[in-house]
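Me: Please take a close look at a single helix in this structure and at what surrounds it.

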Amino acid sequence: MAIRAIMMPVEGAADDREAWRGGLALAQALEAHIEAVFVRPDPEEAFEYFGLETTSQSAESHQMRDRLDARGRAEAERARRRFGAMCRKAGLPKAGSPNGAPVATAGWRTLTGEAAAVIPAAARGGDLSLFTASPARYSALFENLLEVTMLRSGRPALFIPGGAARARAPFTRPLIAWDATSGCVRAISALLDMTGAGAQATVLHIEEQAGDLPDMSEAARHLGWHGVAVRSGTRPRGFGSVGGALLDAAGAAGADLIVMGGYGRARYSEALFGGVTRYVLRNARLPVLMAH
């Protein structure tokens with residue numbers, strides 16, 4: 001099934017504008033609808049977060065609620081206007097509802113609540129979640145939005161890191177980090193909707209230790225049925241991390257996209273041992289397509 005609907009969380013950060021343009025270019029290349037989703041805080045939830053009395057009906061409490069609500073609405077409106085200006089410059093028409101036609105369109109939605117709860121739910125209504133650097137950043141206090149969306153939505157996620165070239169679909173030189181997990185298989189399925197004629201994929205397994213290697217022949221065969229030429233191989237982990245070896249291999253192969261399963265191990269286990277997923281998200285300089 002082709003990718004027809006892309007959900008892109010936005011926060012309005014100035015340094016994300018180039019990545020927003022990349023998202024619009026991706027929608028145009030895939031002839032898909034891209035919906036920018038801005039989440040503004042719920043004043044009641046903000047009160048609870050700051051340890052304030054949520055049942056208070058004092059004049060000061062009402063004023064604070066009003067200020068929080070007005071600030072959230074203003075930030076959403078500023079971001080909406082910036083996004084609208086980019087869409088007009090890119091020649092991307094607005095669409096508020098599905099039209100069924102393979103044509104690139106754009107839309108905007110402002111939601112209220114906690115982003116870690118709201119965004120995964122919004123992602124379930126699309127085929128792909130697209131994350132730019134700002135909403136995918138790591139914080140000591142909050143859950144990583146890309147991670148929770150990938151884990152809870154059931155949809156693949158495409159990450160465009162800050163400073164990366166635009167995500168230029170169709171991708172022609174993807175590197176697939178093969179580990180024989182169901183997440184990697186689902187990521188490959190999403191990849192097939194983003195490749196074009198003459199695509200050549202590298203299916204690579206990073207050897208962590210001596211032992212049995214996962215069979216790469218079925219992955220190569222599957223890609224071959226879709227017209228993708230494949231080179232398969234292994235690479236030793238060496239003395240660094242698996243994520244570091246993967247990024248080095250992508251650079252050496254001239255890859256324009258990394259494809260991988262996200263959280264092949266249990267999430268707490270990856271966090272405890274450093275984690276390939278988190279290393280790649282923190283250090284990648286090219287787009288990364290992941291599924292869980």
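Reply: What follows describes helix α8 and then the sheet beside it.

The model is predicted. Helix α8 covers residues 242-253, 12 residues in all. From its first C-alpha to its last α8 reaches 16 Å, close to the 16 Å expected at 1.5 Å a residue. After the helix comes Gly-254, which has a positive phi, near 65°.

Of the 12 residues of α8, 9 are buried, so the helix is largely enclosed by the rest of the structure. Buried here means under 20% relative accessible area. The buried residues are Val-242, Gly-243, Gly-244, Ala-245, Leu-246, Leu-247, Ala-249, Ala-250 and Ala-253. They pack against four strands, β6 (174-177), β7 (200-207), β8 (229-236) and β9 (257-261), and against helix α10 (276-283).

These strands belong to an open sheet of 10 strands with mixed pairing, in the order β3-β2-β1-β4-β5-β10-β9-β6-β7-β8. The edges are β3 (105-112) and β8; each has a single partner strand, so one side of each is left without a neighbour in the sheet. On average, neighbouring strands are turned by 25° against each other, direction ignored.

Helix α10, one of the elements packed against by α8, lies across β5, β9 and β10 and runs at about 160° to β9. Two of these strands, β5 (residues 157-159) and β10 (residues 288-291), run antiparallel and are joined by 3 bridges. In this pairing, Ala-157 stands opposite Met-290 of β10.

Notes. Residues numbered from 1 in each chain as written. Predicted model: local features only at pLDDT ≥ 70, side-chain atom pairs only at ≥ 80, totals over all residues. Heavy atoms only, no water. Helix = DSSP H or I, 4+ residues; strand = E, 2+ residues; numbered from the N terminus. Expected span 1.5 Å × (residues − 1). Buried < 20%, exposed > 50% of the residue type's maximum accessible area, 1.4 Å probe, protein only. Contact = heavy atoms within 4.5 Å. Pairing = 2+ DSSP bridges. Axes fitted to C-alpha atoms, helices over the stretch in contact; angles between N-to-C directions.
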